[in-house]
Amino acid sequence: MKKLRNHPQSNQQENSPKTVNNETDLCSQTDLEFKREIVKILKELREDMNSNADTLRKELENIRRSQEKLEHSFAEMQTELGAVKTRMNNAEERIIDMEDRIMEITQSGQQTENRIKKLESNIRDLWDNIKRANLRIIGIPEGVEKDKGMENIFEEIIDGNFPSLKDTGFKIQEAQRAPN
């Protein structure tokens with residue numbers, strides 16, 4: 001191999017930059033040319049790998065930034081979701097309280113209505129009892145007051161029994177029929 005190195009043609013090949021395109025060219029080269037070509041290819045590969053590594057580092061850094069932004073956004077969303085859940089729970093509690101209050105008011109209203117009806121009934125009973133103690137006319141058949149009217153019946157009774165009270169000007173204020 002040393003013989004080839006000293007060969008002038010091989011020196012020319014060593015000094016001229018030459019790219020090897022296929023395996024047959026590599027096989028036809030001298031040992032030194034082959035080594036130089038391999039070193040050159042390795043340098044190119046290293047440069048490509050370094051540039052690819054730099055690109056990958058930049059992309060990785062961009063991905064990390066995006067991930068941090070997403071994590072931050074996710075944390076904000078979780079916080080907002082927690083706040084919304086809290087507000088929703090508070091609203092549900094208020095709705096339940098309002099429903100209970102409506103039920104109480106409805107029951108209270110029904111009790112009040114029942115109480116009013118009972119009191120009205122009591123007032124009617126008392127009124128009927130109070131009217132019962134008023135003047136009763138015995139001896140007049142039922143239904144006559146409808147034909148003649150209550151005022152006319154009283155005037156006839158007063159005229160027949162008390163002729164001297166005729167001109168006094170008694171007036172009937174109210175006349176009602178009490179239940180038996």
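This is a short talk on the helices, salt bridges and surface patches of one protein model.

Hi everyone, thanks for coming. Before anything else, please keep in mind that what you see on the screen is a predicted model.

Let me begin with the overall picture. How many helices and strands does the protein have? The count is 6 helices and 0 strands, and reading along the sequence gives you α-α-α-α-α-α. The helix I will keep coming back to is α4, which covers residues 31-132.

Now, a few totals. The protein has 180 residues, and 7% of them count as buried. Its accessible surface is about 16500 Å², with carbon and sulfur atoms contributing 54% of that. As for contacts, if you take those with a separation of 6 or more, 33% are between residues 24 or more positions apart.

On to the salt bridges. There are 3 in the structure, and I will go through them in sequence order.

The pair to start with is Lys-35 and Asp-31, whose closest N and O atoms are 3.8 Å apart. Where do these two sit relative to each other in helix α4? They are 4 residues apart in that helix, so about one helical turn separates Lys-35 from Asp-31. Both ends of this bridge are partly exposed: Lys-35 has a relative accessible area of 44%, and Asp-31 has 24%. If you wonder why Asp-31 is not called buried, that is because buried means under 20%, and Asp-31 is at 24%.

Next come Arg-57 and Asp-54, with an N to O distance of 2.6 Å between their side chains. Again we are in helix α4, and here the two residues are 3 apart, about one turn of the helix. Is Arg-57 buried or exposed? Arg-57 counts as exposed, because its relative accessibility is 53% and the cut-off for exposed is over 50%. Its partner Asp-54 is partly exposed at 38%.

The remaining pair is Arg-65 and Glu-61, where the side chains meet at 4.0 Å, N to O. These residues are also in helix α4, 4 residues apart, which means about one helical turn lies between them. Arg-65 is partly exposed, with a relative accessible area of 44%, and Glu-61 is partly exposed too, at 34%.

Let me turn to the surface patches. Which residues make the nonpolar one? Phe-34, Ile-38, Ile-41, Leu-42, Leu-45 and Met-49 form it, and it comes to about 510 Å². Take Phe-34 as an example: this residue is found in helix α4, and at 33% relative accessibility it counts as partly exposed. Patch members need over 30% relative accessible area, so Phe-34 passes with its 33%.

There is a charged patch as well. Glu-92, Glu-93, Asp-97, Glu-99, Asp-100 and Glu-104 form a negative patch on the surface. I would point you to Glu-104 here: that residue lies in helix α4 and counts as exposed, at 53% relative accessibility.

To wrap up, helix α4 has been our thread. The Arg-57 and Asp-54 bridge lies in it, Phe-34 of the nonpolar patch is found there, and so is Glu-104 of the negative patch. Thanks for listening, and I am happy to go back to any of these on the screen.

Conventions: Residues numbered from 1 in each chain as written. Predicted model: local features only at pLDDT ≥ 70, side-chain atom pairs only at ≥ 80, totals over all residues. Heavy atoms only, no water. Patch = residues over 30% accessible without salt bridge, like charges linked within 9 Å, V, L, I, M, F, W, Y side chains within 5 Å. Areas by Shrake-Rupley, 256 points an atom, 1.4 Å probe, with all protein chains shown as cover. Lys, Arg positive; Asp, Glu negative; His and termini not counted. Charge placed at Lys NZ, Arg CZ, Asp CG, Glu CD. Buried < 20%, exposed > 50% of the residue type's maximum accessible area, 1.4 Å probe, protein only. Contact = heavy atoms within 4.5 Å.
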